[in-house]
Amino acid sequence: MLTGPLLEWYEQVKRPLPWRATRDPYAILVSEVMLQQTQAARVVAYYERFLARFPDVASLAAAERADVLRLWSGLGHNRRALALRRAATVIAEQGWPADLTELPGVGPYTAAAVASFAHGAEVATVDTNWRRVVARHGSAPAPSPAVNQAMMELGATVCGARRPRCAACPLGGTCAAAAAGGPAIAPRARPGSRPRFEDSDRFLRGRVVAALLSGAPLPGGAERVLDGLERDGLLVRDKEGHAAVPRR
């Protein structure tokens, strides 16, 4: 894979995402945890509010769970917020580990992203976008922080899963999929063939946490997710069974 055209393209089109303007490992860790299964455009406002309230590891480690969840609520996957707080607690007490996957909620991709974007490590940040671009192109670039950012940008904005814009791709001239007539696209699911997100337990869990944070009545059907939320540390119940968001 030719990295020259890729990096030239990236410099011209890169989105001004706030986490790209820092090398603070804590800020990058926050952004990467927020970006898990969530589009960058949705994350920006949450990221900025979160760092304004918890600007460093010590402030997040000392925060009450309810305060952390209040800033996270609406972003989805609330367990990520508590895992990030636990990771901050470990770092505040013991320092940054050599192997970041020892931190709660940090897997190989997130560890590689922090190493690359905070410390300049030449490791590949292999996420869904990276895999898709490499699978279609037929080769992988030598990793660097700039290449990692460019590969993620390419996968997110041009080499998409459903609507690839091959005419705009800087690697089109060397892409195996383009030479074969274009990438194979999986057929869309037929309308009604899968449940609506609004009917899922994941959606209901988010509504329950939001209601507890605001003091509003619990939504209908809440009982079916309370046990799971309690196991995940997102709520506690008193002797009468009344639910609340835990403070510590």
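This is a conversation between a trainee and a mentor about salt bridges, backbone angles and pockets in a predicted model.

Trainee: What makes the contact of glutamate 153 with arginine 20 a salt bridge?

Mentor: The N to O distance between their side chains is 2.7 Å. The cut-off is within 4 Å for a side-chain nitrogen of Lys or Arg and a carboxyl oxygen of Asp or Glu, so this pair qualifies. As background, side chains of opposite charge can pair when their charged atoms come close.

Trainee: Why can we say that glutamate 153 and arginine 20 tie together separate parts of the chain?

Mentor: Glutamate 153 sits in helix α9, residues 145–157, while arginine 20 belongs to the loop between α1 and α2, so the parts they tie together are 133 residues apart in sequence.

Trainee: Why is glutamate 153 called buried or exposed, whichever applies?

Mentor: Its relative accessibility is 1%. Buried means under 20%, so glutamate 153 counts as buried. Arginine 20 has a relative accessible area of 22%; because that value lies between 20% and 50%, arginine 20 is partly exposed.

Trainee: How do you know that arginine 53 and aspartate 67 form a salt bridge?

Mentor: Their side chains meet at 3.8 Å, N to O, and the limit is within 4 Å, so the pair is counted. Arginine 53 is in helix α3 and aspartate 67 in helix α5, 14 residues apart. With relative accessibility of 43%, arginine 53 is partly exposed, and aspartate 67, at 24%, is partly exposed too.

Trainee: What about arginine 237 and aspartate 227: what makes them a salt bridge?

Mentor: Here the N to O distance is 2.5 Å, which falls within 4 Å, so the definition is met. Arginine 237 lies in strand β1 and aspartate 227 in helix α12, so the pair ties together parts 10 residues apart in sequence. Arginine 237 has a relative accessible area of 30% and is partly exposed; aspartate 227, with 43%, is partly exposed as well.

Trainee: Which residues are joined into one network by salt bridges that share partners?

Mentor: Arg15, Arg20 and Glu153. The search of the whole structure finds 9 salt bridges.

Trainee: What makes the phi of glutamine 37 worth a remark?

Mentor: Phi is positive there, about 60 degrees, although the residue is not a glycine. Glutamine 37 lies in the loop between α2 and α3. Its relative accessibility is 68%, and exposed means over 50%, so glutamine 37 counts as exposed. Histidine 77 also has a positive phi, near 55 degrees, and is found in the loop between α5 and α6.

Trainee: Which residues lie nearest the centre of the largest pocket?

Mentor: Leu35, Thr38, Gln39, Ala40 and Asn129, out of 26 lining residues. The volume is about 840 Å³, and α2, α3, α7, α8 and α9 each give two or more residues to the lining.

Trainee: How is the lining of the largest pocket divided by class?

Mentor: There are 10 nonpolar, 9 polar and 7 charged residues. Leu35 and Ala40, for example, go with the nonpolar ones because Leu and Ala are in that class.

Trainee: Which helix gives the largest share of the lining of the second largest pocket?

Mentor: Helix α11, with 6 residues. That pocket holds about 310 Å³ of space. Its lining has 17 residues, and the closest to its centre are Gly76, His77, Asn78, Arg202 and Gly206. By class, the lining has 6 nonpolar, 6 polar and 5 charged residues.

Technical notes
Residues numbered from 1 in each chain as written. Predicted model: local features only at pLDDT ≥ 70, side-chain atom pairs only at ≥ 80, totals over all residues. Heavy atoms only, no water. Helix = DSSP H or I, 4+ residues; strand = E, 2+ residues; numbered from the N terminus. Buried < 20%, exposed > 50% of the residue type's maximum accessible area, 1.4 Å probe, protein only. 1 Å grid on protein atoms, 1.4 Å probe; cavity = no way out; pocket = protein on both sides within 12 Å on 5 of 7 lines; lining within 4 Å. Points joined across faces, edges and corners; volume = space filled by probe spheres on them.
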